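Thanks for coming. I will walk through one protein model this morning, and I will keep it plain.

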Amino acid sequence: MAPSANGSTSPKNLTPQQEDVPEVNRLTKDDITASLKAGFSDFLARPLMSGFFGLFYAVFGILFVWCLVWLGKIWMIIPAAIGFPLVAPFAAAGLYEMSRRLEKGEDFGWSDILETMANQRNREMGWMAFVTLFIFWVWTYQIRLWLAIILQNASFSDFDGFINSVFFTPQGWTFLAIGTCVGAFLSAVLFSVTVVAMPLLLDRETNFVSAMLTSIRVVTENPVVMLGWAAIISITMLLSLVPAFLGLIFTLPILGHTTWHLYKRAVSPSEI
């Protein structure tokens with residue numbers, strides 16, 4: 001393959017057979033610990049900018065719940081709140097870019113980060129957004145389906161009625177059991193295809209299918225470590241929802257920065 005004029009080979013000229021296939025590394029719990037420390041360090045380096053992304057996500061969540069109340073969709077509040085973190089990987093794109101620049105020692109401002117995020121619409125990140133939102137839609141649809149099948153005679157006219165039907169009746173316990181199993185499966189699928197794919201797409205020129213396959217390889221070749229990371233994300237995000245989503249102002253940025261550093265440890269540097 002002939003080099004370009006500046007001495008490097010453009011990834012856009014790669015054929016499907018020649019496309020860079022990232023090597024996946026073995027991870028240990030020490031990689032998670034080191035990534036968490038680096039993620040917290042990135043947060044402290046730019047706390048206001050990092051916190052902005054967490055605040056934006058939290059405000060969006062509050063408005064989302066308010067809209068459900070306004071529309072009378074009381075039954076959607078709990079499943080929406082639980083499923084809301086599913087879209088967090090896409091929301092963290094700006095945090096990945098911040099960590100990338102901090103890692104390289106580059107100076108940057110708001111315009112640099114926002115411009116990079118805006119440019120993703122012309123790259124493969126948009127397809128990953130579609131995958132993320134599609135799984136979130138499946139999550140909400142299956143909740144509605146099981147509500148109709150199991151709690152068809154329950155009253156959801158107000159929030160108290162919904163809570164009583166779900167948490168204090170045998171039918172509600174059945175609904176919770178099935179919903180938890182289905183939700184765990186969907187979360188595992190989304191985690192597997194996005195945990196590395198999102199930062200990989202921002203970092204390199206590759207297609208979203210290759211990025212998802214690389215992400216799946218990282219998970220399947222490091223099942224225990226990645227299961228631990230998934231547990232950390234799930235518990236932290238759910239606890240962050242308790243104080244009216246406001247915990248996300250701090251936890252989302254730290255988890256986003258950490259994900260970047262874990263990606264850098266999980267996937268070998270590009271040789272291109």
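I start with a term: a residue counts as buried when its relative accessible area is under 20%, as exposed when that area is over 50%, and as partly exposed in between. Please keep those cut-offs in mind for the charged pairs later on. Also keep in mind that what you see is a predicted model.

Now the overall layout. The protein has 13 helices and zero strands. Read from the N terminus, the order of elements is therefore just α, over and over. The protein has 272 residues, and 45% of them are buried. Take the contacts between residues at least 6 apart in sequence: 75% of these join residues at least 24 apart.

Next, the interior. In soluble globular proteins, nonpolar side chains tend to be buried together. In this model, the largest nonpolar core has 68 residues, and V218, M226 and W229 have the most contacts inside it. Which helix gives the most to this core? That is helix α7, residues 125-150, with nine residues.

Let me stay with W229 for a moment. Leaving out residues up to four places away in sequence, W229 touches I32, L36, F191, V195, L255, T258, T259 and L262.

Another residue to find on the screen is L190, which sits in helix α9, residues 170-194. Its relative accessible area is 2%, so L190 is buried. L190 and M212 are 22 residues apart in sequence, and their C-alpha atoms are 9.8 Å apart in space.

Now to one helix pair. Helix α1 covers residues 29-45 and helix α2 covers residues 47-70; they pack at an angle of about 105°, and their axes are 5 Å apart. Because of that angle, α1 counts as roughly perpendicular to α2. On the α1 side the contact is made by D42, F43, L44 and A45, and on the α2 side by P47, S50 and G51. Sorted by class, this contact has four nonpolar residues, two polar and one charged.

That leaves the charged pairs. Side chains of opposite charge can pair when their charged atoms come close. The structure holds eight salt bridges, and I will show three of them.

The pair R101 and E97 has its closest N and O atoms 2.6 Å apart. Both belong to helix α5, residues 93-104, and because they are four residues apart there, about one helical turn separates them. Are these two buried or exposed? R101 has 14% relative accessibility, so R101 counts as buried. E97 has a relative accessible area of 2%, which is under the 20% cut-off, so E97 is buried too.

The second pair is K264 with D203, where the closest N and O atoms are 3.8 Å apart. This one links distant parts of the chain: K264 lies in helix α13, residues 248-266, and D203 in helix α10, residues 197-203, with their positions 61 residues apart in the numbering. K264 is at 33% relative accessibility and therefore counts as partly exposed. D203, at 24%, also counts as partly exposed. As for shared partners, salt bridges join E97, R100, R101 and E106 into one network.

The third pair is D30 with K29, again with 3.8 Å between the closest N and O atoms. K29 is at 62% relative accessibility, so K29 counts as exposed.

That is what I had for today.

Methods: Residues numbered from 1 in each chain as written. Predicted model: local features only at pLDDT ≥ 70, side-chain atom pairs only at ≥ 80, totals over all residues. Heavy atoms only, no water. Core = buried A, V, L, I, M, F, W, Y, C linked by side-chain atoms within 4.5 Å. Buried < 20%, exposed > 50% of the residue type's maximum accessible area, 1.4 Å probe, protein only. Helix = DSSP H or I, 4+ residues; strand = E, 2+ residues; numbered from the N terminus. Contact = heavy atoms within 4.5 Å. Axes fitted to C-alpha atoms, helices over the stretch in contact; angles between N-to-C directions. Parallel < 35°, antiparallel > 145°, perpendicular 65-115°, else oblique. Nonpolar A, V, L, I, M, F, W, Y, C, P; charged D, E, K, R; others polar. Salt bridge = Lys/Arg side-chain N within 4 Å of Asp/Glu carboxyl O.
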